[in-house]
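Colleague: Got a minute for this one? I'd like to go through the strands, then the pocket.

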Amino acid sequence: MLLLCLDSSAVASAALVTGAGEVLGSYASPDTRSHAEVLAPAVRDLLAGRGVTGADLDGVLVGTGPGPFTGLRAGIATARALAFAWDVPLHGLMSLEALAQDAAGPARAAGHEEFLVLTDARRREVYWARYAATEDGPRRTG
C-alpha cells in the first residue's frame, strides 16, 4: 500500500508513506501562510523524486484539522482534486489523531494511562484532545 498524506493544519506538509508506516519522502513548508502556493509543487516533486505517479497510489490521506480555515481549505481542496484526478480513494484524519499515534507509545512506556496532544492555535490559544494510551493505540477520551 502506498499513500500520499497531506496536512495543512499548521504548515503545509506532504509525505509518501507505505502501508507499513515507512516514510519514503516528506516535505514541510517553512511558514504557515503559503499553503496554496507550495503544496501542489511539493507533491509533484515528492512523487517525481521517488519515481511514483498518481496511478501508483492506493489513496490520499488528508488532515482535517483543527486549524485555520484558509490553510485547511488549501490542503483539503488539493487532496480532493488529486484523488479525483488519479481516481484513488480519499481519506480524512483529524490532525491531532496523527500526533496521538506518535505520542501513544512513549506515553505508555513512561507509565501514563492518559496524555494530551496540543497544537498552537495562535493568539495564545491551543487545539487539544485527551487520549487514553491503550495497547491498541490511542483512544480519544472526553
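**Strands and pocket**

Modeller: Start with S7, residues 125-134, which pairs with S8 in the antiparallel sense over five bridges. Keep in mind that this is a predicted model.

Colleague: Which residue stands opposite Arg140 in S8?

Modeller: Tyr131 stands opposite Arg140.

Colleague: What is the strand order in that open sheet?

Modeller: The order is S6-S7-S8, three strands with antiparallel pairing. The edge strands are S6 (114-122) and S8 (137-141), and each pairs on one side only.

Colleague: How are neighbouring strands turned against each other?

Modeller: By 40° on average, direction ignored.

Colleague: And which helix lies across S6, S7 and S8?

Modeller: H3 does, running at about 50° to S7.

Colleague: Now the pocket. What volume does the largest pocket have?

Modeller: About 780 Å³. Its lining has 32 residues, and the closest to the centre are Cys5, Asp7, Ala98, Leu99 and Asp102.

Colleague: Which elements give two or more residues to that lining?

Modeller: Strands S1 (2-7), S2 (13-18), S3 (23-28) and S4 (59-63), plus helix H3 (95-109).

Colleague: Which of them gives the most?

Modeller: H3, with six residues. So H3 comes up twice: it lies across S6, S7 and S8, and it gives the most to the lining of the largest pocket.

Colleague: How do the lining residues divide into nonpolar, polar and charged?

Modeller: 20 are nonpolar, ten are polar and two are charged.

Note on methods: Residues numbered from 1 in each chain as written. Predicted model: local features only at pLDDT ≥ 70, side-chain atom pairs only at ≥ 80, totals over all residues. Heavy atoms only, no water. 1 Å grid on protein atoms, 1.4 Å probe; cavity = no way out; pocket = protein on both sides within 12 Å on 5 of 7 lines; lining within 4 Å. Points joined across faces, edges and corners; volume = space filled by probe spheres on them. Helix = DSSP H or I, 4+ residues; strand = E, 2+ residues; numbered from the N terminus. Nonpolar A, V, L, I, M, F, W, Y, C, P; charged D, E, K, R; others polar. Pairing = 2+ DSSP bridges. Axes fitted to C-alpha atoms, helices over the stretch in contact; angles between N-to-C directions. Contact = heavy atoms within 4.5 Å.
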